Structure formats: C-alpha cells, structure tokens
Amino acid sequence: MGKRKTAKKVMKKEQQKVMSKFDCPFCNHMGSIKVTINKKAKFGQCKCAVCSVQYATTITALSEPIDVFCEWIDECEKANKDGSSAAAPAQQRPSRRRRDAGSDEEDDEEEEDDDED
C-alpha cells in the first residue's frame, strides 16, 4: 500500500509595493515628497513637507504615485533644459578652449620628456 498524496501548498508571490514617498529634487530631503492621488477627480499631487514645493497634474485610471512623481521630474528637467538653452553656447566655448589648452600642455610635457633623455 502506498501513501496518500498530499496537495502541495500554493506559494503566493509577494507583490512589490510602489513607493509613495520620494526625495525632494529641490531641497534634497529624503522621503519628504508625499504623493496623493484622487482617482475620482483624476488629480495627482506631489508636495514636499519641508520646502512646501507642489506639483499637480491630471492622471488616468492606471496612474500610480510613481507616475505622478516621474512626470514632475520630467517637467523639472524640461524647464531646466529650456532655461539653460541661452547659456549653453557660452558654456560650450570655454570647453573647446580648454581642450586646446590641454593639448598644448601635453605637447609641453612631451618636450620636457625629450629634454630629460
């Protein structure tokens, strides 16, 4: 006579929890951004508890807190890029000069090495 087969226990996979508190991009405090979502009003809001910076946007039924925060970060990057476009050519010119100056320094070092031999 054989043993009765027992049913294997079903192992449930733990679902990863989506974060709802994030680091503030302005004051750099950890966990100070709290994201609130109102799905009925289709409204998402990020707010820093330390520096009181806010961002609000419209959301969809599938939006999560991370989506609202990432959209805010994207808007910040876009604003920084648009604001620095006028200063970008001025920043590029010195970098070219530095490269030229750096190549002259390398030539000077090579000449010094030749003198030592």
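Read along the sequence, this predicted model follows the pattern β-β-β-β-α-α, so that its secondary structure, with helices and strands taken as DSSP runs, comes to two helices and four strands. Of the 117 residues of the protein, 15% count as buried, and the accessible surface comes to about 10600 Å², with 49% of that area belonging to carbon and sulfur atoms. Among the contacts between residues at least 6 apart in sequence, 30% join residues that are at least 24 apart.

Some links between distant parts of the chain can be followed through the aromatic side chains, for which the count comes to four aromatic pairs. In one of these, the rings of Phe 22 and Phe 69 have their centres 4.4 Å apart and their planes at 10 degrees, and the pair is therefore stacked, given that planes under 30 degrees apart count as such. Because Phe 22 lies in strand 1 (residues 21–22) and Phe 69 in helix 1 (residues 65–83), this pair ties together parts of the chain that are 47 residues apart in sequence. Both partners are buried, Phe 22 at 5% relative accessibility and Phe 69 with a relative accessible area of 12%.

Another pair, formed by Phe 26 and Trp 72, is tilted, with 5.9 Å from centre to centre and 40 degrees between the planes. Here too the pair links distant parts of the chain, since Phe 26 sits in the loop between strand 1 and strand 2 (33–38), whereas Trp 72 belongs to helix 1, 46 residues apart. Trp 72 counts as buried, at 3% relative accessibility. Phe 22, Phe 26, Phe 69 and Trp 72 are, together with Tyr 55, members of one aromatic cluster.

The cysteines raise a separate point: how many disulfides does the structure hold? The number is zero, and Cys 24 illustrates the result, for the nearest cysteine sulfur, that of Cys 27, is 3.5 Å away and Cys 24 is in no disulfide. A disulfide requires a pair of cysteine sulfur atoms within 2.5 Å, and the sulfur of Cys 48, at 3.5 Å from the closest cysteine sulfur, in Cys 51, is therefore too far for a bond. As for their surroundings, Cys 24 counts as buried at 2% relative accessibility, and Cys 48 is likewise buried, with a relative accessible area of 1%, where the cut-off for being buried is under 20% relative accessible area.

Conventions
Residues numbered from 1 in each chain as written. Predicted model: local features only at pLDDT ≥ 70, side-chain atom pairs only at ≥ 80, totals over all residues. Heavy atoms only, no water. Buried < 20%, exposed > 50% of the residue type's maximum accessible area, 1.4 Å probe, protein only. Contact = heavy atoms within 4.5 Å. Areas by Shrake-Rupley, 256 points an atom, 1.4 Å probe, with all protein chains shown as cover. Phe/Tyr/Trp six-rings, centres within 6.5 Å; stacked < 30°, edge-to-face > 60°.
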